[in-house]
Amino acid sequence: RRMPQEPCQLCQERVLPAASEAGAGRPAAPHREGPSRSSEAKSAAHREPLRVHCGHWFHADCLDPYMTTPPFDKACPGCQKPIYHPRWTSNKKLLEKRWAHEEAKKREVGEVADFLGI
């Protein structure tokens with residue numbers, strides 16, 4: 001059976017491996033041309049493919065920062081429809097609150113590290 005060849009809408013790399021690239025049950029790296037393929041292939045070999053409500057595909061590690069950083073009313077780059085997926089809430093106020101909490105935590109850790117000279 002043939003797998004879809006659609007790229008991730010954010011990084012434009014193939015989301016699902018081609019049948020010829022997927023060997024012996026191992027996940028294959030996304031297709032990419034050029035000399036940096038081997039180093040990027042190792043880091044991208046375990047990207048989880050996700051299909052959102054509009055039908056477009058993304059890598060989970062591409063979509064997570066896209067959905068969890070401001071602005072929180074981003075649309076699918078492929079069709080401009082709102083992105084819905086059970087992994088991320090569509091409640092903008094909750095997303096803003098979580099993001100603000102994480103940013104405050106980063107600032108506090110930075111301030112403590114500066115104070116302690118670490």
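**Exercise 1. Is Gln-80 buried or exposed, and what is the sign of its phi?**

Step 1: Gln-80 has 56% relative accessibility, so it counts as exposed. The cut-offs are these: buried means under 20% relative accessible area, exposed over 50%, and partly exposed in between (1.4 Å probe, protein chains only).
Step 2: Its phi is positive, about 70°, although Gln-80 is not a glycine. Most residues other than glycine have a negative phi, and most peptide bonds are trans.
Step 3: To place it, look in the loop between α2 and α3. Helices (H or I, at least four residues) and strands (E, at least two) are DSSP runs, numbered from the N terminus.

A quick word on the model: it is predicted, so local features need pLDDT of at least 70 and side-chain atom pairs count only at pLDDT 80 or more, while totals for chains, interfaces and linings use all residues. Residues are numbered from 1 along each chain as its sequence is written, and side-chain values use heavy atoms, with hydrogens and water left out.

**Exercise 2. Find the residues joined by a cis peptide bond, and another residue with a positive phi.**

Step 1: Pro-70 and Pro-71 are joined by a cis peptide bond, with omega about -10°. Pro-71 belongs to the loop between α2 and α3.
Step 2: Gln-12, not a glycine either, has a positive phi of about 65°. Look for Gln-12 in the segment before α1.

**Exercise 3. Sketch the overall layout of the protein chain.**

Step 1: Count the elements: 3 helices and 2 strands.
Step 2: Put them in sequence order, and you get α-β-β-α-α.
Step 3: Of the 118 residues, 27% are buried.

**Exercise 4. Which residues of helix α2 are buried, and what do they pack against?**

Step 1: In α2 (residues 60-68), the buried ones are Ala-60, Cys-62, Leu-63, Tyr-66 and Met-67.
Step 2: Looking down the axis of α2, these buried residues fall within an arc of 155°, so they line one face of the helix. The arc is that of the directions from the helix axis to the C-beta atoms.
Step 3: That buried set packs against β1, β2 and α3 (92-116).
Step 4: Tyr-66 also has the charged end of Lys-74 over its ring, 4.8 Å from the ring centre. A charge sits over a ring if NZ of Lys or CZ of Arg is within 6 Å of the ring centre and within 35 degrees of the ring normal.

**Exercise 5. How many disulfides does the structure hold, and why is Cys-76 not bonded to Cys-54?**

Step 1: The structure holds 0 disulfides (pairs of cysteine sulfur atoms within 2.5 Å).
Step 2: The closest cysteine sulfur to that of Cys-76 is in Cys-54, 3.7 Å away, which is too far for a bond.
Step 3: Cys-79 is in no disulfide, and its nearest cysteine sulfur, that of Cys-54, is 3.7 Å away.
Step 4: Check accessibility: Cys-76 is buried at 0% relative accessible area, while Cys-79 is partly exposed at 28%.

**Exercise 6. Where is His-56, and what is it in contact with?**

Step 1: His-56 lies in the loop between β1 (49-51) and β2 (57-59). It is buried, with a relative accessible area of 16%.
Step 2: Leave aside neighbours within four places in sequence, and the contacts of His-56 (heavy atoms within 4.5 Å) include Glu-6, Leu-50, Cys-76 and Cys-79.
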